Amino acid sequence: MGYVTRIVIIGGGPGGYEAALVAAQLGAEVTVVDSDGLGGSAVLTDCVPSKTLIATAEVMTTFDSSYEELGITVDRDGTDEDRKVIGVDLGKVNRRVKRLAIAQSHDITQSVTRAGVTVLRGRGRLGAGGQAVDGSREVLVDGPDGNVQSLRADAVLIATGAHPRELPDAQPDGERILTWTQVYDLEELPRELIVVGSGVTGAEFAGAYQALGSKVTLVSSRDRVLPGEDPDAAEVLEDVFRRRGMNVMSRSRAESAKRIGDRVEVTLSDGKVIEGTHCLMAVGSIPNTAEMGLEEAGVKLNDWGQIQVDRVSRTSAPGVYAAGDCTGVFMLASVAAMQGRIAMYHALGDAVQPLNLKTVASNVFTDPEIATVGYTAADVECGKMDAVVVKLPLRGNPRAKMQGIRDGFVKLFCRPGTGIVVGGVVVAPRASELIHPIALAVDANLTVEQVASAFTVYPSVSGSTAEAARQLHVRKRAAGES
Ligand SMILES: Cc1cc2nc3c(=O)[nH]c(=O)nc-3n(C[C@H](O)[C@H](O)[C@H](O)COP(=O)(O)OP(=O)(O)OC[C@H]3O[C@@H](n4cnc5c(N)ncnc54)[C@H](O)[C@@H]3O)c2cc1C
C-alpha cells in the first residue's frame, strides 16, 4: 500500500469542512477536530441564522414598502376579521432559525463522514512545543470528557474562525445586551433596539429588526453606514433606513452599555446617553487563535491575532496552513471555503490556483441588498485601477417600476482601452443573485461588448446590467479618444 498523507483540520466551519471534503477526495486520511459542531459559526450562529432571520424580514419589507403602490389593502387596526395585522412572532421565527441551522450542521456532518473523514469533538491545538518531528506535527485534542488525544499529521489546517468582539464596558448579558450569536434566544421582538456598529453585521441586523417592527437606533462611529462599501450604495441604504424611520446616529462612538432593570443605556463618547429596551453589539470580531501553540510552532500572527498566510494558505510554519476568519483575509464563508480547498490542493500536490480576491462576489443582506465584485470606486479614486464607470439608477428600469422598486442602481467599471469589465455594484432587492453575470464577466475578463451582446429577459432588472455595458462601450471610446 502506498503512503497516505495524514491531514488534521482544526475547526469545522466552511474553511475546515470544505477542505476536509477535498482532501478526502484526493485520497488523504483526514481528521476534523471541532468544538461546537460542523458548519462552524457560519452555520450555527452567524451566516445561516442571520440570513434565515432576514428571510422573514425581507417578506415584511417587500410587502410594507410596496403594498400601497401595488393596490393591496391591509387592515392595520385589526378591525376586519378576514385580514390580519402585520406583525411577527419572534419566538417562532427564532425556533425556525435554530432548526434550520442544526439541520444544516447535521447534513454537513453526514456528507463529511460519508466521504471517509473522521470527526472528533474537542478543542485542537498544536502539541510537542509546536515543533515538527520527522516532518510531521502533533495535534492535541482536549475532548469534552477531559481526555487529551494526540494525533500526528503531515499537514495541519487551522480554520478556527472568530468570535464577537466585546467592549469592556458593554458586557453582553444575553438578555438585553446581546452579541449577534445571542439574538436567537429572544422570545419577543425588542421594542426599542440600539445597534452599535454600522458595518455589514450592524447594518443587516438594524435593517432586519426595523422590518420586523422594532424601533431601531443605529450607532455609527463613522460619517456614514457601511464605511467599507461603495459610497453611493451606502448612501442609498442610509437614505432608505432614515426614510423608514430608523434613527441613524453618525460620528457617534459608543463607550458603554449598561442594563438598568428592563432598559439599556448606551453612553456615547460625547457623554450623550441613548436608551432602549435592548442593545446589539456589532463591533467586529476577534480571531480564535489564542492558546493554540501557534507562535511556539513558528506561525506568525499580526497585531490583531490573525494568522498570516500567503495566497496558497501557507503560514510561516512548514506544514501548517490556515484558512478563513482566523486569517482575516476576507471575512466571508465563500473565501474561507476557497482558502481551505486551496490549502489542501497545495498540501496534497494537486494543481492549485492561488487565491484571487479581485473576483470575490460579496453581498450585504439589507433591503435593498448591496452586491459587489472586483475593483471598487475607492480603487479607481486612489489610482489603483484606471477604469471608466457607469451608474444606472433602477428608477428607469421597467421591471423595477412594475415592482414598485425605487431605490438602487447598477454600476459597472471597465478598463478604458480594452473595455474589460473589472468590477461592479448592484443595489437592488436580490442583488446577491443579480451580481453573478458581472462576477462571471470579471472572472473571465469579458469586455463590455460581450456583456452587452448577451440577451437579457424583458422586462428584467438585469436589463440594466446590459444597458450599463452598452453605455460603457460608448463611454470608454470617448475616454480613449480624449
Ligand atoms: C452575523 C454574521 C453574518 C454573516 N453572514 C455571511 C454571509 O451572508 N455570507 C458569507 O459569506 N459570510 C457571512 N459571514 C461571515 C462568515 O460567517 C465567516 O466568514 C465564516 O464563518 C468563516 O468560516 P471559518 O471556517 O473561518 O470559521 P467558522 O465558521 O467560525 O468556524 C470555525 C469553527 O472552529 C471551531 N473552533 C474554534 N477554535 C477551535 C479549536 N481550538 N479546536 C476545535 N474547533 C475550534 C469553532 O467553534 C467553529 O465551529 C457572516 C458573519 C457574521 C458574524
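A residue counts as buried when its relative accessible area is under 20%. By that cut-off lysine 411 is buried, because its relative accessible area is 5%. The value, like all others here, comes from a predicted model.

Lysine 411 is found in strand β22, which runs over residues 409-414. Its side chain makes a polar contact with the side chain of aspartate 232, at 2.8 Å. Aspartate 232 is also one of the residues that lysine 411 touches beyond four places in sequence. Among the others are Asp230, Ala377, Val389, Val390 and Lys391. Gly423, Gly424 and Val425 are touched as well.

Valine 112 is a second buried residue, since its relative accessible area is 0%. Valine 112 is found in helix α4, residues 90-114. Beyond its neighbours within four places in sequence, valine 112 is in contact with Tyr17, Leu21, Leu38, Val117 and Val119. Leucine 38 is 74 residues away along the chain. Even so, the C-alpha atoms of valine 112 and leucine 38 are separated by 9.0 Å.

The ligand has 38 residues around it. Gly15, Asp36, Gly124, Asp325 and Ala333 come nearest. Backbone atoms approach the ligand at several points. A backbone N or O atom of glycine 124 lies 2.8 Å from a ligand nitrogen. Two further approaches involve oxygen atoms of the ligand. For alanine 42, a polar backbone atom is 3.0 Å from a ligand oxygen. For leucine 332, the distance from a backbone N or O atom to a ligand oxygen is 3.2 Å.

The second largest pocket holds about 880 Å³ of space. Its lining comprises 37 residues, and Thr61, Thr62, Ser65, Arg244 and Asp367 are the closest to its centre. Helix α3 (47-66) supplies at least two residues of this lining, as do α5 (200-212), β11 (215-219) and α6 (231-243). The largest share comes from α3, with 9 residues. By type, the lining divides into 14 nonpolar, 12 polar and 11 charged residues.

Aspartate 367, one of the residues closest to the centre of that pocket, also takes part in a cis peptide bond. The bond joins aspartate 367 to proline 368, with omega about 0°. Proline 368 lies in the loop between β19 (361-364) and β20 (369-374). Another cis peptide bond joins tyrosine 458 and proline 459. Here omega is about -10°. Proline 459 lies in the loop between α12 (448-453) and α13 (463-481).

Positive phi angles occur at two residues that are not glycine, leucine 226 and serine 313. For leucine 226, phi is about 50°. Leucine 226 has its place in the loop between β11 and α6. Both of these elements also contribute to the lining of the second largest pocket. Leucine 226 counts as buried, because its relative accessibility is 1%. For serine 313, phi is about 70°. Serine 313 is found in the loop between β17 (285-287) and β18 (320-322). At 2% relative accessibility, serine 313 is under the 20% cut-off and therefore counts as buried.

Conventions
Residues numbered from 1 in each chain as written. Predicted model: local features only at pLDDT ≥ 70, side-chain atom pairs only at ≥ 80, totals over all residues. Heavy atoms only, no water. Helix = DSSP H or I, 4+ residues; strand = E, 2+ residues; numbered from the N terminus. Buried < 20%, exposed > 50% of the residue type's maximum accessible area, 1.4 Å probe, protein only. Contact = heavy atoms within 4.5 Å. 1 Å grid on protein atoms, 1.4 Å probe; cavity = no way out; pocket = protein on both sides within 12 Å on 5 of 7 lines; lining within 4 Å. Points joined across faces, edges and corners; volume = space filled by probe spheres on them. Nonpolar A, V, L, I, M, F, W, Y, C, P; charged D, E, K, R; others polar. Near = heavy atom within 4 Å. Polar contact = N/O pair within 3.5 Å; in protein donor to acceptor, adjacent residues only side chain to side chain.
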